[in-house]
Amino acid sequence: MASHLETELGKLRGIIIKIGGLAESQVAEAVKAVLSEPVLESKEVKKTENKIDKLDVKIDDICQSVFALQQPVASDLRFIISAMQISREIERIGDLSMSIIKLTKSIKEKHELISKFNIADIVRGAEDITAKTNECFLNMDETSVEEIFKLNTDVKSKSSDAIDNIIGEMKNNSKTVVSGTNLIIALKHFERIADHSTNIAESVFFMINAKTIKHEKFSDKN
């Protein structure tokens, strides 16, 4: 029979998997909103956001209970600490996704900018990182961490180039200023989503290896 601690840790793992899946679905909706693809009704998106917030609180409650009532060994302690960090990162991913969805309502003439500067490739890259990070946690697969870091670098590089191009377009065509500005904000949000996902991968690496690693220095440590 599993101990109370094992039961609580199993419950914690299940909630993280669930909240990660919800955040991934929010990112997918944000991508569709930017690309003008059909999205869920606002109330459904809001419902998912509320679920994420409630699960985040539940994760904190479980972690605090374990700290107060149990005596976790080192590996369990790493898992609990990482779970709290992952929960915060996931909540931010959900919040940023909601912000993007709301922001797209102010991007009226975005289609030309999106096709001209290959925005679809950038936002789908951020979506891909989110999905791969969830898989990384689900499988406790440290071999995928480096790939996630590289994808994050790629998203940032492409986004930076696209933003420079959008700024240039706004200088030449005043009609694109409002849409271009909001699109730039959306791209910065997607960059942050990719960063938060990468932070989750770092937490998974810490769980497995009992050491921290920052994506900026990953190549130097391998």
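What share of the chain over residues 124-204 is helix, and how far apart are the end C-alpha atoms? In this predicted model, in which local features need pLDDT of at least 70, side-chain atom pairs count only at pLDDT 80 or more, and totals for chains, interfaces and linings use all residues, the span 124-204 is 89% helix and 0% strand, with its end C-alpha atoms 23 Å apart. Residues are numbered from 1 along each chain as its sequence is written, and side-chain values use heavy atoms, with hydrogens and water left out. Helices (H or I, at least four residues) and strands (E, at least two) are DSSP runs, numbered from the N terminus.

The span 124-204 is one of two covered by the annotation "domain: PhoU", which comes from an unreviewed UniProt entry and also takes in residues 16-103; such annotations, given in the numbering used here and with shortened feature names, may be inferred rather than shown by experiment. Residues 16-103 are 88% helix and 0% strand, and their end C-alpha atoms lie 28 Å apart.

Two packed helices are described by the angle between their axes and the distance between the axes. For α1 and α5 the angle is about 170 degrees and the axes are 10 Å apart, where axes are lines fitted to C-alpha atoms, for helices over the stretch in contact, and angles run from 0 to 180 degrees between N-to-C directions. The two helices α1 and α5 are therefore roughly antiparallel, a term for angles over 145 degrees. Among the residues in contact (heavy atoms within 4.5 Å) are G20, V27 and V31 of α1 and T130, N134 and F137 of α5. By class, this contact of α1 with α5 has eleven nonpolar, four polar and four charged residues, with Ala, Val, Leu, Ile, Met, Phe, Trp, Tyr, Cys and Pro counted as nonpolar, Asp, Glu, Lys and Arg as charged, and the others, Gly among them, as polar.

Helix α6 (residues 145-172) and α7 also pack at about 170 degrees, with axes 10 Å apart, and α6 and α7 are therefore roughly antiparallel to each other. Their contact has 16 nonpolar, six polar and five charged residues.

The structure holds one cavity of 30 Å³ or more, a cavity being a set of points on a 1 Å grid over the protein atoms alone where a 1.4 Å probe fits but cannot get out, whereas a pocket is an open set with protein on both sides within 12 Å along at least five of seven lines; lining residues have an atom within 4 Å of a point. Grid points are joined across faces, edges and corners, and a volume is the space filled by probe spheres set on the points. The lining of the largest cavity includes G20, T130 and N134, and α1, α3 (74-103), α5 and α7 each give two or more residues to this lining.

How values were computed: Angles under 35 degrees count as roughly parallel, over 145 as roughly antiparallel, 65 to 115 as roughly perpendicular and the rest as oblique.
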